[in-house]
Amino acid sequence: MVDDRNKQRLWRYGPLLAWMALIFFASSGEFSAANTSRIIRPLLLWLFPEISEQALNAVHALIRKGAHFGEYAVLALLAARAFLSSSRALLCRHWLKISLLLVISYALFDEYRQSFVPTRTPSLWDSLIDIAGGASALLLIAAWRARKDGARWRSVRSERAVKSALDRT
């Protein structure tokens, strides 16, 4: 029984913790702008041989900022998945707030940590992009759940109306 609970916890929180570790690694010098340009720059030059240096730098920056948004959207999805399926009622009930708090905390911690990495430049703007990515994903999940719950409620209401009409006849 205890082994089963540990497996469930690992299944629930393992992907979330693994993603947080990946974000931690991505905040290292290995993923600095200078290092990512070694991959992105040749690819862009191959795809668009006539691209200007200014456009190349702008696309590189856009890709990097998009990665910030995307990695924190995934973090939010994994946090919501973990908390919604939790055996703790408090986590299930407040999954949205707790997930958002995790995203905000980790985004701010991530940028703070980058201030100690010589090849990285911490930026509050990056934290805001991270938070926007996580919040967007959480809003989509909340909207999807509200729509699903609304459809379920409408279905129950319709069934009751039909039953009531049949009872009157």
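**Rings and helices: a quick tour**

At 38% relative accessibility, F109 counts as partly exposed, because that value falls between the 20% cut-off for buried and the 50% cut-off for exposed. That's one of the aromatic residues you'll meet here, in what is a predicted model. The chain has 6 helices and 0 strands, so let's start with the overall layout and then zoom in on the rings.

**The whole chain**

- Reading along the sequence, you get the pattern α-α-α-α-α-α.
- There are 169 residues in the chain, and buried ones make up 29% of them.
- Take the contacts between residues at least 6 apart in sequence: 70% of these join residues at least 24 apart.
- The chain's accessible surface comes to about 11400 Å², and carbon and sulfur atoms account for 68% of that.

**Ring pairs**

- A quick tip before the details: a pair of aromatic rings is described by how far apart the centres are and by the angle of the planes.
- The count of aromatic pairs comes to 4.
- One of them is Y13 with F83: the ring centres are 6.3 Å apart and the planes sit at 55 degrees, so this pair is tilted.
- Y13 belongs to helix α1 (residues 2-26) and F83 to helix α3, so their pairing ties together parts that are 70 residues apart in sequence.
- F83 is buried, with a relative accessible area of 9%, because buried means under 20%.
- Y106 and F109 make another tilted pair, with 5.8 Å from centre to centre and 40 degrees between the planes.
- Both Y106 and F109 lie in helix α5 (residues 95-114), where they are 3 residues apart, or about one turn of the helix.
- Y106 counts as buried at 11% relative accessibility, whereas its partner F109 is partly exposed at 38%.
- Ring pairs also bring in F24, linking F24, Y106 and F109 into a cluster.

**Charges over rings**

- F24 has a charge over its ring too: the charged end of R113 sits there, 3.7 Å from the ring centre.
- W11 has a similar visitor, with the charged end of R81 over its ring at 4.0 Å from the centre.

**A nonpolar patch on the surface**

- L43, W46, L47 and F48 make a nonpolar surface patch of about 480 Å².
- Where does F48 lie? You'll find F48 in the loop between α2 (33-47) and α3 (53-84).
- F48 has 47% relative accessibility and counts as partly exposed, because exposed would take over 50%.

Definitions and conventions
Residues are numbered from 1 along each chain as its sequence is written. This is a predicted model: local features need pLDDT of at least 70, side-chain atom pairs count only at pLDDT 80 or more; totals for chains, interfaces and linings use all residues. Side-chain values use heavy atoms; hydrogens and water are left out. Patches are made of residues with over 30% relative accessible area and no salt bridge: like charges are joined within 9 Å, nonpolar side chains (Val, Leu, Ile, Met, Phe, Trp, Tyr) within 5 Å. Accessible areas come from the Shrake-Rupley method with a 1.4 Å probe; for residues, only the protein chains shown count as cover. A salt bridge is a side-chain nitrogen of Lys or Arg within 4 Å of a carboxyl oxygen of Asp or Glu. Helices (H or I, at least four residues) and strands (E, at least two) are DSSP runs, numbered from the N terminus. Buried means under 20% relative accessible area, exposed over 50%, partly exposed in between (1.4 Å probe, protein chains only). Rings of Phe, Tyr and Trp (its six-membered ring) pair if their centres lie within 6.5 Å; planes under 30 degrees apart count as stacked, over 60 as edge-to-face and the rest as tilted. A charge sits over a ring if NZ of Lys or CZ of Arg is within 6 Å of the ring centre and within 35 degrees of the ring normal. Contact means heavy atoms within 4.5 Å.
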